Each structure stands twice: as structure tokens, then as C-alpha cells.
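Work through the exercises below with the sequence and the model side by side. Try each task before reading its solution.

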Amino acid sequence: MEGHADLALAERCRHDAPGAFEQLYRQHAPRLFGLACRLVGRTEAEDLLQEIFLAAHRKMALYKGESSLGTWLFRLATNQCLDYLRSKRARLALLTDSMDREPGAPAAGAGAVVGVVDRLDLERALAALPPGCRAVFVLHDIEGCEHREIADALGVSDGTSKSQLHKARLRLRALLSAPALAPGRHS
Amino acid sequence: MTTCPDIQSRLSEFADGAVTDIERAAIERHLASCPACRDLLQDLHRIRRAAATLGPVAPPDHVWLQVAGQARLDRPDAPARATRIARTAAIGQWAGLAAALVLVTIGAHYFLNTVPAPETTPGNASATPSVEVIAEELGLAMQHYEKAITELEALAKSNSDALDAQMAETLRQNILTVNTAIDESRSALAQNPGSEPARESLFEALRRKVVVLQATVNLMNEMRKGNQTGAVEAAAAFSKKS
């Protein structure tokens with residue numbers, strides 16, 4: 001049923017049917033904006049969200065219904081965000097080339113998270129991660145992607161994706177147990 | 001695989017359920033007698049659970065307005081639809097509106113491209129603009145900006161019948177928010193005229209205002225079905241010139 005609905009919506013978008021593209025935007029923009037905010041930061045995310053939907057508008061003819069529209073848009077958005085990081089700052093390319101040479105993650109025993117992890121604290125700590133391991137964490141732990149998919153998107157091996165995820169979690173643990181970000185200590 | 005470092009390097013995958021049966025048994029034996037590794041595992045689970053709760057984020061209203069406007073411009077047949085007859089007096093207003101937007105952009109670019117960041121490297125003082133120079137350049141950029149805003153606001157007011165009340169209110173709120181940011185940035189810059197972060201903050205706020213005004217233009221495009229094709233063409237022409 002969802003597949004038929006997606007194909008019908010895509011078809012309406014292709015023909016610029018009134019309200020169709022807005023329906024697509026309203027359905028999917030919040031998830032894609034969340035993804036972009038976490039990958040590139042909120043300010044850039046607004047511009048990127050526009051680019052993502054404009055790219056979708058241009059490429060709608062390529063959507064054949066092999067996956068859901070949500071999955072198709074998510075892939076498009078992930079690639080746009082990663083391309084942005086690569087082209088704009090060349091940081092991700094640098095990091096993906098050198099992910100395995102990155103300075104080691106904090107020692108696993110260096111502090112523990114006390115109590116429940118607050119979402120705001122986690123968002124803040126996430127923003128403090130290096131772009132490479134942040135991308136892996138966002139795609140795996142927040143968006144539920146498999147390591148194989150992440151490795152493909154980033155152009156790294158599965159093993160690098162796994163090790164970066166572990167590093168990201170250890171860094172987050174250290175950040176969340178630091179006084180400035182410890183749960184319940186919002187300024 | 002019995003030492004803490006060995007075990008800890010595998011705990012993320014253990015937490016994800018992605019280890020073999022043999023590995024899992026070895027890790028579980030270690031955990032039974034190691035509080036530090038148990039603490040780490042508990043924290044990894046907490047972080048995973050918290051991450052799974054981070055959901056969608058609602059984008060600001062103006063983003064859709066920009067997407068809709070740009071999508072319209074993107075249509076291959078958009079310029080072709082414009083008819084000569086449709087270019088009424090309203091086009092003059094739209095051209096003025098687009099020109100004003102270009103002015104705003106030029107003002108911001110002018111400032112960003114002509115005022116270098118304060119150089120902090122010792123011995124390179126000649127490359128460092130003085131506070132007076134920065135203030136002068138900033139003043140010039142602000143003149144461009146304010147002139148454009150004044151024109152834009154007048155034109156938007158004369159076209160206000162194109163907006164429904166709810167949208168007009170949304171845009172008004174966006175403008176108020178960005179005005180507050182501009183005021184705060186100006187205040188910070190007044191206190192420390194040489195501060196690069198303060199300058200960046202101000203121009204980010206100015207950029208946001210341009211974005212909102214562009215959204216206004218796009219929205220009016222949407223609302224004015226009769227005249228919009230000419231407006232699209234005019235805006236596209238100005239965009240190319242800029």
C-alpha cells in the first residue's frame with residue numbers, strides 16, 4: 001500500500017500537481033532536517049534541506065519505487081550532507097582517509113555517565129564530535145543504518161565504520177561525564 | 001581475550017549484539033568479575049538508548065517557502081510561460097524587489113570580501129585593519145543593507161494583499177526574530193569592534209534576514225498566480241546579473 005502511495009505521490013510531483021510537492025516536503029522534511037542538523041549543524045542544515053528537496057524535485061523521474069520514498073530521500077539527503085562536508089570543508093574526506101589514524105578515543109575507563117542520558121546533553125555532546133565519527137554515530141545509532149550502508153556512503157571499510165562508532169560512543173561517554181555536559185547541568 | 005582493553009574494544013559490538021557466540025561467552029565471563037567493564041557496557045547501552053530517542057526536527061517555516069519558490073524557478077518551462085502581456089506595472093515592482101535583494105546580497109558580500117579578519121600573527125601588523133577601518137567598512141555595508149531593507153519593506157507593503165494573514169504573521173515573526181539577532185550582534189560588535197566572531201554573528205543574522213525576505217518574494221510568487229511568471233523571469237534575470 002505504501003509503495004503504491006509513494007509511486008502515486010512521486011507521479012503527482014513529476015507533473016507538478018497542486019500540493020503534491022508540499023505533501024512530500026511536509027511528510028519527510030522533519031526527519032531529513034534532523035539528519036542534516038546533526039551531520040552539518042543547524043545553520044547549514046537549513047540551506048542543505050533546500051538543496052535536498054530541490055535535488056529531489058529535479059530527480060523525481062529517477063524514483064521507480066524500488067524503495068520507499070522516505071528511504072530514497074534519506075539516501076539523497078545523506079549524500080548531500082556528506083558531499084557538503086567533503087566539498088565545503090574537506091574535513092570528512094580528510095577524516096575518512098585518516099579515520100584509522102585518528103587520535104585514540106578516550107580511555108574506556110575514564111569516567112562513567114551518571115543516570116539517564118539527557119537528550120539535550122547528547123545533542124550538545126554530539127556536536128562536539130569530529131565530523132567523521134559523528135557521521136557514523138548519527139547514521140548508525142540515530143538513523144539505524146547498517147555498517148555496510150555507512151561504509152558505502154563514507155567510502156570506508158565496514159571495520160572502519162565499526163571502530164569509528166566505538167570511538168564516537170567512548171568520546172560521548174567522556175563528554176557526557178564531563179562537568180560542563182553532565183546530565184542535569186544545563187546552563 | 002581476557003584483559004580489560006581486549007574486552008572493552010569489543011563492548012560496542014557486544015552491546016549491538018554483533019559478536020559471535022564464542023566471543024559473547026568470553027565477554028560475559030569477564031563482565032561477571034569486572035565492575036569497570038560492566039560500567040562501560042551500561043554507559044554504552046545508555047548512550048545507544050538515548051540516541052534512539054533523538055527524532056525528527058521541525059524545520060523553520062521559511063524553508064518550505066524557499067523550496068517552493070526555487071522549485072518553481074527550476075521548472076524548465078517557467079521562463080517560457082511568461083508572456084509579454086503579463087508584464088504589467090507589477091513587474092516594475094517585482095524588478096525593484098529583486099534589485100533590492102541583490103543590493104542586500106551585494107552589501108553583505110562587499111563587507112565579507114573587503115574586510116579581512118583581524119590578523120593575530122605577530123610581525124604582520126601591516127595586514128591588520130584598524131578598528132576605524134573595520135568600523136568604516138561595516139558602516140558602508142550597513143548602509144547598503146539598510147537602504148535595501150527600506151526599499152524591500154516598502155515594496156512588500158505595497159504587495160501585502162498577496163499574502164494571507166497567517167503567512168504574513170509567520171513572516172513577521174521570522175523578521176522579528178532575526179531583527180533581535182541583528183540587534184544583539186550589533187550591540188556585541190559595538191562593544192568590541194575588532195571581534196571577528198561578533199562580525200560573523202552580525203552577518204549571519206543579516207544573511208538570515210535576506211533569507212526571510214527571499215522567502216517573502218517566493219511566497220508572493222506563489223500567491224500571485226496571474227503575474228508570477230513575469231516575476232519569476234525578472235527575479236531570474238536579476239539573479240543572473242548578480
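Helices are DSSP runs of H or I with at least four residues, strands are E runs with at least two, and both are numbered from the N terminus. The model is predicted.

**Exercise 1. Count the helices and strands of chain B, then of chain A.**

Step 1. Start with chain B. It has 10 helices and 0 strands. From the N terminus on, its elements read α-α-α-α-α-α-α-α-α-α.

Step 2. Turn to chain A. Here the count is 9 helices and 0 strands. The order from the N terminus is α-α-α-α-α-α-α-α-α.

**Exercise 2. State what share of each chain is buried, and how far apart in sequence its contacts reach.**

Step 1. Chain A has 187 residues, and 44% of them count as buried. Chain B has 242 residues, with 32% buried.

Step 2. Take the contacts of chain A with a separation of 6 or more. Residues 24 or more positions apart account for 71% of them.

Step 3. Do this for chain B. Among contacts between residues at least 6 apart, 76% join residues at least 24 apart.

**Exercise 3. Describe how α1 and α3 of chain B pack.**

Step 1. Locate the helices. In chain B, α1 covers residues 4-15 and α3 covers residues 35-52.

Step 2. Give the geometry. Two packed helices are described by the angle between their axes and the distance between the axes. For α1(B) and α3(B), the angle is about 25° and the axes are 10 Å apart.

Step 3. Classify the angle. Angles under 35 degrees count as roughly parallel. Therefore α1(B) and α3(B) are roughly parallel to each other. Their crossing is right-handed.

Step 4. List the residues that meet. α1(B) brings B:C4, B:I7, B:Q8, B:L11, B:S12 and B:A15. Facing them in α3(B) are B:A36, B:C37, B:L40, B:L41, B:L44, B:H45 and B:R48. By class, this contact has 9 nonpolar, 3 polar and 1 charged residues.

**Exercise 4. Describe the side of chain A that touches chain B.**

Step 1. Count both sides. 34 residues of chain A are in contact with 31 residues of chain B.

Step 2. Name the elements of chain A that give two or more residues. They are α2 (20-40), α3 (42-59), α6 (119-127), α7 (131-142) and α9 (158-177). α2(A) gives the most, with 9 residues.

Step 3. Sort this side of chain A by class. It divides into 18 nonpolar, 6 polar and 10 charged residues.

**Exercise 5. Decide whether A:R148 and A:D16 are buried, partly exposed or exposed.**

Step 1. Place A:R148. It lies in helix α8 (residues 147-154) of chain A. A:R148 has 10 C-beta neighbours inside 10 Å, so it counts as exposed. The C-alpha atoms of A:R148 and A:S161 are separated by 8.2 Å, with their positions 13 residues apart along the chain.

Step 2. Place A:D16. It sits in the loop between α1 (2-14) and α2 of chain A. A:D16 has 13 other C-beta atoms within 10 Å, so it is partly exposed. Its phi is near 55°, a positive value in a residue other than glycine.

**Exercise 6. Find where the predictor is confident in chain A.**

Step 1. Take the average. Chain A has a mean pLDDT of 86, and 79% of the residues score at least 70.

Step 2. Compare elements. Helix α5 (residues 91-98) of chain A has the lowest mean pLDDT, 51, and α2(A) the highest, 97.

Step 3. Check residues 183-187 of chain A. There pLDDT stays under 50, and the model has 9 contacts beyond four places in sequence.

Key:
Residues are numbered from 1 along each chain as its sequence is written. Chains are lettered from A and ligands numbered from 1 in the order in which they are written. This is a predicted model: local features need pLDDT of at least 70, side-chain atom pairs count only at pLDDT 80 or more; totals for chains, interfaces and linings use all residues. Two residues are in contact if their C-beta atoms, placed from the backbone, lie within 7 Å. Ala, Val, Leu, Ile, Met, Phe, Trp, Tyr, Cys and Pro count as nonpolar, Asp, Glu, Lys and Arg as charged, and the others, Gly among them, as polar. A residue is buried if 20 or more other C-beta atoms lie within 10 Å of its own, exposed if 12 or fewer, and partly exposed in between; C-beta atoms are placed from the backbone. Axes are lines fitted to C-alpha atoms, for helices over the stretch in contact, and angles run from 0 to 180 degrees between N-to-C directions. Angles under 35 degrees count as roughly parallel, over 145 as roughly antiparallel, 65 to 115 as roughly perpendicular and the rest as oblique. A crossing is left-handed if the near helix is turned anticlockwise from the far one by less than a right angle, and right-handed if clockwise. pLDDT is the predictor's confidence in each residue, from 0 to 100.
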